[in-house]
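Trainee: Could you take me through one part of this model closely, namely the open sheet and what packs on it?

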Amino acid sequence: MRRLRNRLAGALLSVLALSLTATGCGGSSEATPGGGGDSTSSPAGASVANRVEPLAQRPEPRLPVTVPSADGERVTVEAAERIVPLSGSLSEIVFTIGLGDRVVARDVTATFEQAAKLPVVTRGHDVSAESVLSLRPDLVLAETTTGPEEAVDQIRAAGVPVLFVEAAKGLDDVGPRIRAVADALGVPAAGKELTRRSEQRIEAVRGDVPHGEKPRVAFLYLRGSASVYLIGGKDSGAGSLIEAAGAVDAGAASGLDKDFTAITSEALVKAAPDAILVMSKGLESVGGVDGLVKIPGVAQTPAGMDRRIVSVEDGVLLNYGPRTDQVLKSVVAQLYGEDGAK
């Protein structure tokens, strides 16, 4: 049931997990955390730091607590000494709250520097219950899109509390996700503080977005070696970010109601994007901008003709968490240029 309720929110993660298995690219443990400089592929764009910034004061959990889980259960957390977040986004929240030293494993998408040396126990939709249980966790944090469901059920059956957090769909989810994790860790005040900091930083970036005619931006999901070429629609998860950057989601505006649709020349012409938003590993997988414009239909769009491409690292683009202000700043800088000119 939880998979059905959240299939749209998790569509991107599903495709990502498939392409990770098939190609080994995108958000992988080989993403050289801390190396390679910027997390974005555009030298002109503001970069997303490859480290999270913990709160100034490390909180001390007050446990036990009983909290609601997004799958409808109520979960009692007795201890939080050995935490296993089953997504990069949830890992980012735990580390930024200040309890990263309690995290004992990571998802393949947790590519930020502080988590780099942790063992990988899951690839989003390929959770290894045996690997998780071997680390003797006292709390597992999961997305409502985490799977397979049988593996998560196996972890719960072993007596380990599993808290489900609603999958991120947009900027409005930043605060609720942070507070859900913080409440489960017994540090609600830290959750409120991090929420306030994150939302203030996002609003500060939004305040710097240039005014004027709104560019049309299409979100393309690419995995060249797996022949996966998709254009995002209404439920891709990128719409909120695109709109916050002062732009129009070209896919949704052209009538694409699904989360993702296979790229066709017709779909791209109808979307008519002025710019294209991609994940950096996806752009790399098709041979960079030169390869991207060779995909049928791309060269005929205003974005393709102007080679106006915005790229952000896979592991952070749609996290909607503590680094979302940096993601938004990068998108704005690449979309309009450092001087704000379109």
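Mentor: Since pLDDT is the predictor's confidence in each residue, on a scale from 0 to 100, it is a sensible place to begin with a predicted model. The chain averages a pLDDT of 87, and 85% of the residues score at least 70, whereas residues 1-45 stay under 50 throughout, although the model has 107 contacts for them beyond four places in sequence. Where pLDDT is low, the predicted coordinates should not be read in detail.

Turning to the sheet, 3 strands form it in the order β3-β6-β7, with parallel pairing, and the sheet is open. The edges are taken by β3 (83-85) and β7 (162-165), each of which has a single partner strand, so one side of each is left without a neighbour in the sheet. On average, and with direction ignored, neighbouring strands here are turned by 20 degrees against each other.

Looking at one pairing in detail, β3 joins strand β6 (residues 139-143) in the parallel sense over 3 bridges, and V84 stands opposite V140 in β6. Helix α3 (residues 88-97) packs on this sheet and touches β3, β6 and β7, its direction making about 130 degrees with that of β6. Helix α6 (residues 174-184) also packs on the sheet, where it touches β6 and β7, and its direction makes about 165 degrees with that of β7.

Notes. Residues are numbered from 1 along each chain as its sequence is written. This is a predicted model: local features need pLDDT of at least 70, side-chain atom pairs count only at pLDDT 80 or more; totals for chains, interfaces and linings use all residues. Side-chain values use heavy atoms; hydrogens and water are left out. Contact means heavy atoms within 4.5 Å. Two strands pair if DSSP finds at least two bridges between them. Helices (H or I, at least four residues) and strands (E, at least two) are DSSP runs, numbered from the N terminus. Axes are lines fitted to C-alpha atoms, for helices over the stretch in contact, and angles run from 0 to 180 degrees between N-to-C directions.
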